[in-house]
Amino acid sequence: MTTLASGADTLTRDALTVLQPGFTGTTAPDWLLRRLGEGLASVGLFGRNIASPGQLAALTAQLRAERDDVLVAIDEEGGDVTRLEVRSGSSFPGNHALGAVDDVELTRAVAHELGRRLASCGVNLNWAPSADVNSNPSNPVIGVRSFGADTDLAARHTAAYVSGLQSAGVAACTKHFPGHGDTAVDSHHSLPRIDVPADVLTDRELTPFRAAIAAGTRAVMSAHILVPALDPDLPATLSRRILTGLLRGELGYDGLIVTDGMEMQAIAGTYGIERGSVLAVAAGADAICVGGGLADDATVLRLRDALVTAVRAGELPEERLADAADRVRALARWAGSAARSPEDAHGDDIGLRAARRALTVTVAPGLERPESFKPLTEPPYVAALTPVANIAVGDETPWGVAAELIHLLPGTVTGSFSADDGKGGESGESAGRAALQAAGPRRIVAVVRDEHRHPWMASALDTLLAARPDTIVVEMGVPQAAPRGALHIATHGAARVCGRAAAEVITGLAGITGL
């Protein structure tokens, strides 16, 4: 592969500066260190790069030994989307749980503690929070990553999260502008489209972003979505109308604009990552995020060369590229000098306490009083009705209540069931029968995620409850379906601490509240 000269000229350095690539491994590869020396200013970390807090601190120290002002970014929302705890599940319940509690001081405290942990490991830019209003309950990609479906609630908690995170010295990157909550398609797979009038967008989607800007968010991430009321032709990431006209102009935002992952099919499948990156910078983006799936030197060189070539061909103004690079460097300067507020007295178990407060518990109508429910004292059978994992979450992050129940009630047995356990329209019923057979005489704890989005899951639960009405149901997604079961626990998230909080109720360690 022939590449352009690197290292010396300003244009090439600026092209490297606007990239936020990922890489593989738990130590920095030689190519990455070499590019940092040539002008690369940001690095993105994912679960594959993290084994422990100590290892992560050593990795960020290795990066800073090459470039002391490097921006080290991560996708650490807490809740379902975690990189720090990708193999164990998060110590924080996630946005939807915080929205269910609706205590902005709790949200601020949780974000501060999460930021404190990131900062202690050398991370200084977090691609969070999600400011999306989850107005479409069938949304396959946002869900519990949103604070909720109420615009004002999402706005006040977005602002609190930004404030808490940045008080720990970690830059917030509020996403996914101009709002990904009313989509029915995952932009990892194809291009979503939001067909609502401009006034609805203004009043609903944009309100949390206005709150984030007022709270001083240092970065905003664009969404790979088509919003015809704003731009009928180009997705937000590539739209000058949306990034420059709306975000910079109308909303008055002056910080860093970061793209969502350019290898996502909404962009890569239509424009290609090289052309998409050029169009994004021309539209007003300052940093190109790439590396969730593409994480090598060849990708970095392709993008660097595409930007340089576009400038030389007159397709991308050199001043626009220079402005983007300056904004990256400005954020790096802020991160290097950011004041950190004293640690709050909330304790490092703030996430678990938030998860406990987020529970909504419903006892079956036949049990007149909450105390009529008898907590489990014998090991149950946990039947996890498991949907296909959201790519943003990943298959490797554990979820559910099984691990916590095994800890509290040794001998607990668990199994996972999905639509694939049956055929055609009877897949849910077949999954339910399989779970009944596997459970035997044990009490069943059925765990679901977004029952309302998965007809097969509802059918499986019908089958379980018809045969075993004493089944306990734990909903770990957005609780849109009506509560059912002898006991129904809505956790508003699937993080480890959400499972712990539910298990405490099931076993009687915590009283039944939230009725």
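**Briefing: E113, the cores and a six-stranded sheet**

Setting aside neighbours within four places in sequence, E113 is in contact with F92, D348 and I350. Keep in mind that this is a predicted model. Below is a quick tour of E113, then the nonpolar cores, then an open sheet of six strands.

**Around E113**
- E113 sits in helix α5, which covers residues 104-120.
- With a relative accessible area of 8%, E113 counts as buried because the cut-off is under 20%.
- Its side chain makes a polar contact with the side chain of R116 at 2.7 Å, and another polar contact, of 2.9 Å, links the side chains of E113 and R117.

**Nonpolar cores**
- The largest nonpolar core has 111 residues, and L19, L45, L63, W127, F177 and V258 touch the most other members.
- Helix α12 (residues 318-337) is the top contributor to this core, giving eight residues.
- A separate core of 27 residues lies apart from it, with L352, L405, C498 and A501 among its members.
- Not counting residues up to four places away in sequence, L45 touches a set of residues including F23, L56, V72, I74, V123 and W127.

**The open sheet**
- The six strands run in the order β9-β14-β13-β12-β10-β11, with mixed pairing.
- β9 (360-363) and β11 (413-417) are at the edges with a single partner strand each, so one side of each has no neighbour in the sheet.
- From one strand to the next, the twist averages 15°.
- β10 (residues 381-385) pairs with β11 in the parallel sense over five bridges; A383 has G415 in β11 as its bridge partner.
- Helix α16 (residues 455-467) packs on the sheet and touches β10, β11, β12 and β13. The direction of α16 makes about 170° with that of β12.

Note on methods: Residues numbered from 1 in each chain as written. Predicted model: local features only at pLDDT ≥ 70, side-chain atom pairs only at ≥ 80, totals over all residues. Heavy atoms only, no water. Helix = DSSP H or I, 4+ residues; strand = E, 2+ residues; numbered from the N terminus. Buried < 20%, exposed > 50% of the residue type's maximum accessible area, 1.4 Å probe, protein only. Polar contact = N/O pair within 3.5 Å; in protein donor to acceptor, adjacent residues only side chain to side chain. Contact = heavy atoms within 4.5 Å. Core = buried A, V, L, I, M, F, W, Y, C linked by side-chain atoms within 4.5 Å. Pairing = 2+ DSSP bridges. Axes fitted to C-alpha atoms, helices over the stretch in contact; angles between N-to-C directions.
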